[in-house]
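Student: I have a structure to read and want to learn how to go through it. Where do we start?

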Number of protein chains: 2
Amino acid sequence: MTDTTIGAIDAIEARRTTNLFDPTRGIDDAQIQELVRLATTAPTSFNLQNWRFIAVRTPEAKARLRQLAWDQAKVTDAAVTFIVVGQLADHRVLPERLAPAVAAGFMPAAMVPGWEGAAKSLYHGQPQRQRDEAVRTATFGAGTLVHAAQAMGLGTAPMIGFDAPAVAEAFGLAADELPVLLLAVGHAAPENWPRKPRRPLAQVLSLV
Amino acid sequence: MTDTTIGAIDAIEARRTTNLFDPTRGIDDAQIQELVRLATTAPTSFNLQNWRFIAVRTPEAKARLRQLAWDQAKVTDAAVTFIVVGQLADHRVLPERLAPAVAAGFMPAAMVPGWEGAAKSLYHGQPQRQRDEAVRTATFGAGTLVHAAQAMGLGTAPMIGFDAPAVAEAFGLAADELPVLLLAVGHAAPENWPRKPRRPLAQVLSLV
């Protein structure tokens, strides 16, 4: 344990959405890779890992994305805007996705067909569930990327204001892929709002 | 900053799904409330906060939920299993949800109708988008709850193996609410697996 960053609870408390980025400060590809490596530690159903991250970071590509995203300045002002992609859940990929856990010696090989069968029973021929899982998986990944960026001192802005079919077309998404959200990441400008107040706990929590 | 917990990056690295919980160790309601308070710092579209958390923590309620969740032992072995609920996105709640940001003085009141209009243009008469937003919001909240629990030394297990309509019925969800996932939280037993290996970064990250 060599982590000398902000404490985990403080990082959660300190997070706010960054609307204004410093357009003069980029981040390098190694940091983008580290952000996505950390993002993919997030949990996915059956370890499907049905996600993909497109890091849009050249001026040309960011401008192209901004045109499809309500012309929001943060798409181009941020150092990188990720297209966080979810893939329709498909049980058939599980043997490949679980093979490293079997190879590592903790998951019995005999358990894999059972997981594949359970995933098939959930998703096969169930397009709404396949889509829900694509959205859940991409969002779990994006959420962890937000926390990783926060720990590195970077600001983040999740966005859903964009033309999803046009983004899918322009950035080469496959037929089984959805652009679940955009996530701008970069150095925050000083003038951002604080985190907006939240609903009282009594309105959102029931104890049973 | 008084946080003396694990560093934020270490907490992300250390997270793994807990399948085996110590059924003898509970957590108290104050800790449940703190977990949900931290969870609701997560971002939501337009600050809709279209989520709800049902903390299922009595033996009777956990047993009832387990019957509807493939009889998974972790539902009852964990100290608490949350039903993380997403609400279909509805622009009409925005004036109420944004009022505290206006009252706090940083959001101009004149900006609220514009946000409401943008949310209406996205969601009104768009049931798939309303549902996608319910899933995204609940998952962002659950993801932050996972990280908060990790920082407190607790284990977590997201679950999608459950009978969603039956859970909605048994736990009194409204017509516009979906049980997006179950999230077991508690003290981990010693025998859990490590985190399963992830796909190579080259398979999940594109730089453009």
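Tutor: With strand pairing. Two strands pair if DSSP finds at least two bridges between them. This is a predicted model. Here the pairing crosses from chain to chain: β5(A) is joined to strand β1 (residues 51–56) of chain B.

Student: How many bridges join β5(A) to β1(B), and do the strands run parallel or antiparallel?

Tutor: There are 3 bridges, and the strands run parallel.

Student: Which residue in β1(B) is the bridge partner of Leu205(A)?

Tutor: Phe53(B).

Student: Now the wider interface. How many residues of each chain are in contact?

Tutor: 70 residues of chain A contact 70 of chain B. Several elements of chain A each supply at least two residues to that side, among them α1 (8–14), β1 (51–56), α7 (127–151) and β5 (205–207).

Student: Which element gives the most?

Tutor: α7(A), with 11 residues. By class, chain A's side of the interface has 38 nonpolar, 18 polar and 14 charged residues.

Student: Let's take a single residue, Met159(A). Is Met159(A) buried, exposed or partly exposed?

Tutor: Count neighbours. A residue is buried at 20 or more other C-beta atoms within 10 Å, and exposed at 12 or fewer. Met159(A) has 18, so it is partly exposed. Met159(A) lies in strand β3 (residues 155–159) of chain A.

Student: Which residues does Met159(A) touch, leaving out those up to four places away in sequence?

Tutor: Ala69(A), Gln72(A), Leu181(A), Leu182(A) and Ala184(A). Take Ala184(A): it is 25 residues from Met159(A) in sequence, but 7.8 Å away in space, C-alpha to C-alpha.

Technical notes: Residues are numbered from 1 along each chain as its sequence is written. Chains are lettered from A and ligands numbered from 1 in the order in which they are written. This is a predicted model: local features need pLDDT of at least 70, side-chain atom pairs count only at pLDDT 80 or more; totals for chains, interfaces and linings use all residues. Helices (H or I, at least four residues) and strands (E, at least two) are DSSP runs, numbered from the N terminus. Two residues are in contact if their C-beta atoms, placed from the backbone, lie within 7 Å. Ala, Val, Leu, Ile, Met, Phe, Trp, Tyr, Cys and Pro count as nonpolar, Asp, Glu, Lys and Arg as charged, and the others, Gly among them, as polar.
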